[in-house]
Amino acid sequence: MDYSSCSQLLVLAILVLFSLAQNIINAASNGVFNVIDFGAIADGIRDNTCYWNTYSTVLVPPGKYLVTSVVFKGPCKAPISFQLQGLILAPPGLSKLADKESWITFESLRSFTLTGGGTFHGQGRTAWPENQCHKNSNCQLPISIRFNKLNDSTITGVQSVDSKFFHINILGCYNLKLNKINISAPDDSPNTDGIHIGRSNGIEISNSIIATGDDCVSLGDGSQNVLVSDVSCGPGHGISVGSLGKYKKEEDVVGLTVINCTFTGTSNGVRIKTWPDSEDGKAFNFTFEDLFMNNVENPIVIDQEYCPHNQCNIKVPSRVKISNVRFRNIRGTSLTKEAVRIVCSKEIPCQNVEIGDINLVYNGIDDKGPAISSCSNVKPTLVGKQIPATCV
């Protein structure tokens, strides 16, 4: 079935495909569509469907709504505002999800707004043990929320809890702003990345709290001009570029600023990672500035020998060129002695790396000595204070 029209988008926006159609236009004269008025039942048990034939504001009021896989697809003739005040629940497990890779998708929309303070709950706890994702790196579960091909749009004041896989995936978007997002999953939940970005330009993530079992924010190939500011990350794996270079025809990653963020109890702070024996690629123009590390295992990392589960040939250097990287005013405590680790490619060394005003104190229990750094295949520019002494 084709859901390309604006009216069909709104059908999906109230949680999929069936029919209470003729009453809706008359009832929605004020331009606000309340799902309760059109038959939605907020009991957290029954799957809800609704349909209308116009556009404006979609309101999901307080209550629990059980929802199977849906796609909210444009393009539309006018902006759409989706106000989620209630709790949307994914079906437990996997058997009732028609789409095994996606749960909620917003696609091909311009000037779209998602707001309201409500919650998307993926019920991931019902799927993680079943699929043993903590043991299988190729495990595939549904992403909770996909934003595909959104232009000039805003996501603000919503929550994502216990996704089965990634919480939010951004693909092919331009000028998308995410503000006051709250993401949470246990620190041992597998592959529950907070926000993953790919092949998108002009993405801003701000004033948000991300606590999960994988990267708080991760950038895949083709990400450009990304700003992450005033984000609290932890638990999780930190904020990462990559991993890059594993697949053919990957696009360059250009332009990331991470500023005024706090990392608490994460396995990494800020990290750039590429595969050895990789495809050709470029990653450049990164600034990591004004960051606080609170008991972070690896606060500053460039790793061009990233090889989880021994799935690569570590003896062949990475062919992803990393350049124009700035680490500035990064302070706090490291749970490992190696607070700064910069391992670049033997074949294509990192270029134009600046490290300035670093103050990272070792806070582990095994050795009371000072923090240290390790560097290879890089000659960074050192500015200001260096604790630990970097690349000497």
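**The nonpolar core and its aromatic rings**

Good morning. I begin with the largest nonpolar core, which has 83 residues; Phe106, Phe147, Ile170, Leu178, Val228, Phe288 and Phe327 are the ones that touch the most other members. The strand that gives the most to this core is S22, residues 281-296, with 6 residues. Please bear in mind that this is a predicted model.

Let me set the core in its context. The chain contains 3 helices and 28 strands. Of its 392 residues, 53% are buried. Among contacts with a separation of 6 or more, 75% are between residues 24 or more positions apart. The accessible surface of the chain is about 16300 Å², and carbon and sulfur atoms account for 48% of that area. As a general remark, nonpolar side chains tend to be buried together in soluble globular proteins.

I turn now to one of the core residues named at the start. Which residues does Phe147 touch, leaving aside those up to four places away in sequence? Phe147 touches Phe106 and Leu114, then Ile155, and then Ile168, Asn169, Ile170, Leu171 and Cys173, together with Leu176 and Leu178. Of these partners, Phe106, Ile170 and Leu178 were also named among the core residues that touch the most other members. Phe147 belongs, in addition, to an aromatic cluster formed with Phe72, Phe82, Phe106 and Phe112.

That brings me to the aromatic pairs, of which the structure holds 9. One of them joins Phe82 and Phe106 in an edge-to-face arrangement, with 5.9 Å from centre to centre and 80 degrees between the planes. This pair links distant parts of the chain, since Phe82 lies in strand S5 (residues 81-84) and Phe106 in strand S7 (residues 102-110), 24 residues apart. Are these two rings buried or exposed? Phe82 has a relative accessible area of 1% and is therefore buried, the cut-off being under 20%. Phe106 likewise counts as buried, at 1% relative accessibility.

A second pair consists of Phe288 and Phe327. Their ring centres are 5.2 Å apart and their planes meet at 15 degrees, so this pair is stacked. Here too the pair links distant parts of the chain: Phe288 is in strand S22 and Phe327 in strand S24 (residues 320-334), with their positions 39 residues apart in sequence. Both Phe288 and Phe327 are buried.

To close, I return to strand S22. This strand gives the most to the largest nonpolar core, and it also carries Phe288, one partner of the stacked pair. Thank you.

Methods: Residues are numbered from 1 along each chain as its sequence is written. This is a predicted model: local features need pLDDT of at least 70, side-chain atom pairs count only at pLDDT 80 or more; totals for chains, interfaces and linings use all residues. Side-chain values use heavy atoms; hydrogens and water are left out. Helices (H or I, at least four residues) and strands (E, at least two) are DSSP runs, numbered from the N terminus. Buried means under 20% relative accessible area, exposed over 50%, partly exposed in between (1.4 Å probe, protein chains only). Contact means heavy atoms within 4.5 Å. Accessible areas come from the Shrake-Rupley method with a 1.4 Å probe; for residues, only the protein chains shown count as cover. A nonpolar core is a set of buried Ala, Val, Leu, Ile, Met, Phe, Trp, Tyr and Cys residues joined through side-chain atoms within 4.5 Å. Rings of Phe, Tyr and Trp (its six-membered ring) pair if their centres lie within 6.5 Å; planes under 30 degrees apart count as stacked, over 60 as edge-to-face and the rest as tilted.
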